[in-house]
Amino acid sequence: MKCGGSTLAALPISFFEDMRQLQDEGIVTVIVHGGGPAISETLGKLGIESGFVNGLRVTNEAVLDVVEMVLSGQINKEIVRRIQLTGAMALGLSGVDGHLIEAKPVANSHEVGLVGDVTKVNAELIQGIVSMGYIPVIAPVGLGADGGQRYNINADTAAGAVASHLGVEQMVVVTDVPGIMKTVDGEKRVLPVVSVAEIEEMIASGDIYGGMIPKVRAAIACIQGRVQEVVIVNGSEPNVLSKVLKGTGIGTRIVR
Ligand SMILES: Nc1ncnc2c1ncn2[C@@H]1O[C@H](COP(=O)(O)OP(=O)(O)O)[C@@H](O)[C@H]1O
Ligand SMILES: CC(=O)N[C@@H](CCC(=O)OP(=O)(O)O)C(=O)O
C-alpha cells in the first residue's frame, strides 16, 4: 500500500483498525509512505528553497537532510505509532536500512539533483519482518549501489517498485481523491476501471495531471510485471481497505 502525504493527517483510526483486522485474517500489508506536504512545510520553516520539475522535488544535500528527517523520522514514526495504537505491531524503516531500496540517479538528474529511481529492493528483509508479525512501514529514501549516496525517491515510484519486487497481487494507492476522475458532460466522475491505454490518453489530454501522474506511471510500471491491479482510493472513506479487498467497486482499478 502507498499512503500519500496528502491524506496521512486525515486517515481515521478505523483505517488502521482495518489493517489490523486484515492481518488477523492473514492478509499482509506493507506500507510505503509519502509526506510531500510535511517536507515542504519544514523546508519553509528552515528557509530552504526547493521546487518541483514534473512532480519531482529538486533535491540538493540540504533538501535531502530535511527529506530524510521528515520522512524517516516524523512521518514514519507517526504511522508506526498509529498502527500500534490498534494493538498491531509495526516496524518503521527507510530504504537506507538493510539496503532496503537501492537507487540510481533519475534520467533528468541534471534538473532535479539527488532524486533516485529504484534499481533493487531487498524483498527478503521485508518478508522477514512480515514473518515476525510486524507491518513494515517504509520511507522512500534510497541508497546507491556502493551504499554511500542517499537519494530522494518519489513515494509512488518507490511503492510500485516494492510491490513489483515482492510480487504482490494488488497495490492500493491511498490518496486525497476518490479515484481517477474525468469530467463527462460537465460533471466530474470517478472512473471505476481504467486501462493503460486510457491512462496515456488522459495524460495527453490533461485529464490526469500533477501528483496523479507519478501514481499512474508507477501503476503502469508494476502491472506490466507480476502485480495484477492497482487501486486508487480516498483514505478518508470509512473502512476503505476492507472495501477494496471485498471488491465493493470503490475507487479506480487500473488494469492491463
Ligand atoms: N484525473 C485526476 N483525478 C483525480 N485527481 C487528480 C487527477 N489529475 C490530477 N489529480 C490530482 O492528484 C492529486 C493527488 O496527488 P498528490 O497531491 O501528489 O497526492 P499524494 O500526496 O497522495 O501522493 C489530487 O488531489 C488531484 O489534485
Ligand atoms: C523525489 C520526490 O519528489 N520525492 C518526494 C518524496 C515524498 C513523496 O513522494 O510524498 P507524497 O507521496 O506525499 O507526494 C518529495 O520530496 O516530496
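This report covers the ligand 1 site and a β-hairpin in a predicted model.

## The pocket and its shell

Ligand 1 takes up the space of the largest pocket. Around ligand 1 stand 16 residues. Ser6, Thr175, Met181, Asp207 and Lys215 come nearest.

The shell is mixed in class. It holds 6 nonpolar residues, 6 polar residues and 4 charged residues.

## Polar contacts to the ligand

Two side chains face oxygen atoms of ligand 1. Threonine 175 places a polar side-chain atom 2.7 Å from an oxygen atom of the ligand. For aspartate 176, a side-chain N or O atom lies 2.8 Å from an oxygen atom of ligand 1.

The backbone takes part too. A polar backbone atom of methionine 181 is 2.8 Å from a nitrogen atom of ligand 1. Taken alone, the ligand exposes 580 Å², and the protein buries 80% of that area.

## The β12–β13 hairpin

Methionine 181 also belongs to a strand: β12 spans residues 181-184. Strand β12 runs antiparallel to β13, which covers residues 187-190. The two strands are joined by 4 bridges. Within this pairing, threonine 183 of β12 stands opposite lysine 188 of β13.

The hairpin has 2 residues between its strands. Aspartate 185 takes a positive phi there, near 50 degrees.

## Where site and strand meet

Methionine 181 links the two parts of this report. It is among the residues that come nearest to ligand 1, its backbone supplies a polar atom 2.8 Å from a ligand nitrogen, and residue 181 lies in β12.

How values were computed: Residues are numbered from 1 along each chain as its sequence is written. Chains are lettered from A and ligands numbered from 1 in the order in which they are written. This is a predicted model: local features need pLDDT of at least 70, side-chain atom pairs count only at pLDDT 80 or more; totals for chains, interfaces and linings use all residues. Side-chain values use heavy atoms; hydrogens and water are left out. A residue is near a molecule or strand if one of its heavy atoms lies within 4 Å of it. A polar contact is a pair of N or O atoms within 3.5 Å; within protein, one must be able to donate a hydrogen and the other to accept it, and residues adjacent in sequence count only if both atoms are side-chain atoms. Accessible areas come from the Shrake-Rupley method with a 1.4 Å probe; for residues, only the protein chains shown count as cover. On a 1 Å grid over the protein atoms alone, a cavity is a set of points where a 1.4 Å probe fits but cannot get out, and a pocket is an open set with protein on both sides within 12 Å along at least five of seven lines; lining residues have an atom within 4 Å of a point. A molecule sits in a cavity or pocket if more than half of its atoms lie within 2 Å of its grid points. Ala, Val, Leu, Ile, Met, Phe, Trp, Tyr, Cys and Pro count as nonpolar, Asp, Glu, Lys and Arg as charged, and the others, Gly among them, as polar. Two strands pair if DSSP finds at least two bridges between them.
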